[in-house]
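Reader: I'm new to this one. Could you show it to me and let me ask how you know things?

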Amino acid sequence: MEKAQSIGVVGAGTMGAGIAQACLVAGLPVVVIDIDEERVARGRAAIAAGLARSVSKAAMAAADRDAALERLRGACDYAALRSCDFIIEAATENEALKVAILQRIDGVARAGCIIATNTSSISVGRLAEVVTRPSAFVGTHFFNPVAVMNLVEVVHGPKTGDATVAAAVSLAKRLGKTPVVVKDAPGFVVNRLLCPMLNEAVLAYSQGIASAHDIDEAMRLGCNHPIGPLALCDLIGLDVVLAVMKVFQHDFEDPKYRPAPLLEEMVAAGHLGRKSGRGFFTYDAP
Ligand SMILES: NC(=O)c1ccc[n+]([C@@H]2O[C@H](COP(=O)([O-])OP(=O)(O)OC[C@H]3O[C@@H](n4cnc5c(N)ncnc54)[C@H](O)[C@@H]3O)[C@@H](O)[C@H]2O)c1
């Protein structure tokens, strides 16, 4: 495929808005899809706020921000994706939902279009079976917050074509990111290593090894991590960490990936971290 000329993003939440913003900043026209007008508007507002931050930091001229916003189109009708040659699914981490969304994307995507998923943990190979051309399906795993984090894991599914991987690598580079090509395995590289560490921190905390503050302090000072594991759980969302551990437990069939019982309890109690105002630490506003 020639270089992607226009991008579709399905899901205008945290990641979809961030990915769309990065594409707009790189000069690409973007269509963002969500389930209703309100969510599309919320996504647009998040993108506008992100661009405004760049302007306030003098990282972007106001005129360039205005031009970027003009390249953005929001819609609820998937037919708007017909103009796109690279479509990234960035909707909620739920396999059945992603299957339904990918079927809809596949139904409108034009010939030659690459379809990508931003999934954190679901098998790219399984999702590829949903689309007509699995060779043109790839994982593009961006990191949160997209504007700040430089890595994109480009996930080479079992049927992903080399040209598709090359197009995803090329797009990541155009967005100023550093792509790393990884095989399709649960959690890819980063979450495979990170989430068991976070889960272990929750176990250590529940066993009274140290206070939440001291567990985080130990890992910040002992491993030079910029943020402690429990504060990171709060930032990512305890529900997200739990969902990833459940995928590992199921896909690896190995008890070592069993989610910490406290993680399950906290999620059931609605203590999801920053987004709910309370996790291992408390926050003034979600
Ligand atoms: N949050 C993170 O730190 C992070 C990091 C990397 C990857 N991811 C992955 O990115 C994806 C999105 O995560 P998020 O954190 O942005 O979630 P989110 O909840 O912030 O956003 C998901 C969006 O998808 C929309 N959506 C749901 N069903 C839809 C449909 N049928 N059509 C269109 N849109 C639909 C929702 O309305 C919502 O706006 C997930 O696969 C997640 O695993 C998340």
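Reader: Which residues is His-141 in contact with, leaving aside its neighbours within four places in sequence?

Author: Those are Asn-118, Thr-119, Ser-120, Leu-151, Val-152, Glu-153, Phe-188 and Asn-191. Contact means heavy atoms within 4.5 Å. By the way, this is a predicted model, where local features need pLDDT of at least 70 and side-chain atom pairs count only at pLDDT 80 or more, while totals for chains, interfaces and linings use all residues. Residues are numbered from 1 along each chain as its sequence is written, and side-chain values use heavy atoms, with hydrogens and water left out.

Reader: Why does His-141 count as buried?

Author: Buried means under 20% relative accessible area (exposed is over 50%, partly exposed is in between, with a 1.4 Å probe and protein chains only). His-141 has 4% relative accessibility, so it counts as buried. It belongs to strand E6, residues 137-142; strands are DSSP runs of at least two residues, helices of at least four, numbered from the N terminus.

Reader: How many residues surround the ligand, and which are the closest?

Author: There are 23, and the closest are Met-15, Asp-34, Tyr-78, Glu-93 and Ser-120. To be near the ligand, a residue needs a heavy atom within 4 Å of it. Helix H1 (14-25), helix H4 (95-108) and E6 each give at least two residues to that shell, with the largest share, 3 residues, coming from H4.

Reader: What makes the ligand's pairing with Arg-39 a polar contact?

Author: A polar contact is a pair of N or O atoms within 3.5 Å (within protein, one must be able to donate a hydrogen and the other to accept it, and residues adjacent in sequence count only if both atoms are side-chain atoms). A ligand oxygen is 3.1 Å from an N or O atom in the side chain of Arg-39, so the pair fits that cut-off. Likewise, a ligand oxygen is 3.2 Å from an N or O atom in the Asn-144 side chain, and one is 3.3 Å from a polar backbone atom of Ala-91.

Reader: Why is there no bond from Cys-84 to the closest cysteine sulfur?

Author: A disulfide is a pair of cysteine sulfur atoms within 2.5 Å. The closest cysteine sulfur to that of Cys-84 is in Cys-113, 7.0 Å away, so it is too far for a bond. The structure holds 0 disulfides. Cys-23 is in none either, as the nearest cysteine sulfur, in Cys-84, is 10 Å away.

Reader: Are Cys-23 and Cys-84 buried or exposed?

Author: Cys-23 has 0% relative accessibility, so it counts as buried. Cys-84 is buried too, with a relative accessible area of 0%.
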